[in-house]
Amino acid sequence: MTQTSHPDCFKCRHLKVTWRPERPYACLAMGFSSRQIPWQVVLNASGQPCMLFEPKPQRPSS
Ligand code: SF4
């Protein structure tokens with residue numbers, strides 16, 4: 001059995017690091033903060049991978 005695929009929150013523009021030790025991550029698109037990486041929360045709660053992933057804007061390379 002293969003692992004369910006999921007988006008990479010660290011590459012998503014909706015991820016925010018809160019710096020709060022008890023809930024260090026926040027998903028701005030879904031409006032929650034959590035201890036787990038948000039994709040894990042979404043998958044555990046809904047049984048489906050997050051569908052709201054949007055890539056971060058590219059940074060200039062220089
Ligand atoms: S929208 Fe999805 S991929 Fe983006 S931070 Fe939230 S849970 Fe992660």
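**Entry 1: sorting out words**
Before I start: Ala, Val, Leu, Ile, Met, Phe, Trp, Tyr, Cys and Pro count as nonpolar, Asp, Glu, Lys and Arg count as charged, and the others, Gly among them, count as polar. I also jot down that this is a predicted model.

**Entry 2: around the ligand**
Which residues surround the ligand? I listed Pro7, Cys9, Cys12, His14, Leu15 and Cys27, then Ala29, Pro38, Trp39, Cys50, Leu52 and Phe53. Next I sorted this shell and got eleven nonpolar residues, one polar and no charged. His14 is in the shell, and His is not on the nonpolar or charged list, so I put it down as the polar one. I also looked up cavities, and the largest one is the space that the ligand takes.

**Entry 3: the overall layout**
How many helices and strands does the chain have? I found one helix and three strands. Reading from the N terminus, I get β-β-β-α. I also checked the extent of the C-alpha trace, which spans about 40 × 30 × 20 Å along its principal axes.

**Entry 4: the sheet**
The three strands make an open sheet in the order E1-E2-E3, and the pairing is antiparallel. Why do E1 and E3 each have one side without a neighbour in the sheet? E1 (15-17) and E3 (32-34) stand at the edges with a single partner strand each, so one side of each stays free of a neighbour there. On average, neighbouring strands are turned by 25° against each other, direction ignored.

I then zoomed in on E1 and E2 (residues 25-27), which run antiparallel and are joined by three bridges. Leu15 stands opposite Cys27 in E2, and I had already met both residues around the ligand.

**Entry 5: the helix**
Last stop is H1, residues 38-46, which packs on the sheet and touches E1, E2 and E3. The direction of H1 makes about 105° with that of E3. Pro38 and Trp39 from my ligand list fall within the H1 residue range.

Note on methods:
Residues are numbered from 1 along each chain as its sequence is written. This is a predicted model: local features need pLDDT of at least 70, side-chain atom pairs count only at pLDDT 80 or more; totals for chains, interfaces and linings use all residues. Side-chain values use heavy atoms; hydrogens and water are left out. A residue is near a molecule or strand if one of its heavy atoms lies within 4 Å of it. On a 1 Å grid over the protein atoms alone, a cavity is a set of points where a 1.4 Å probe fits but cannot get out, and a pocket is an open set with protein on both sides within 12 Å along at least five of seven lines; lining residues have an atom within 4 Å of a point. A molecule sits in a cavity or pocket if more than half of its atoms lie within 2 Å of its grid points. Two strands pair if DSSP finds at least two bridges between them. Helices (H or I, at least four residues) and strands (E, at least two) are DSSP runs, numbered from the N terminus. Axes are lines fitted to C-alpha atoms, for helices over the stretch in contact, and angles run from 0 to 180 degrees between N-to-C directions. Contact means heavy atoms within 4.5 Å.
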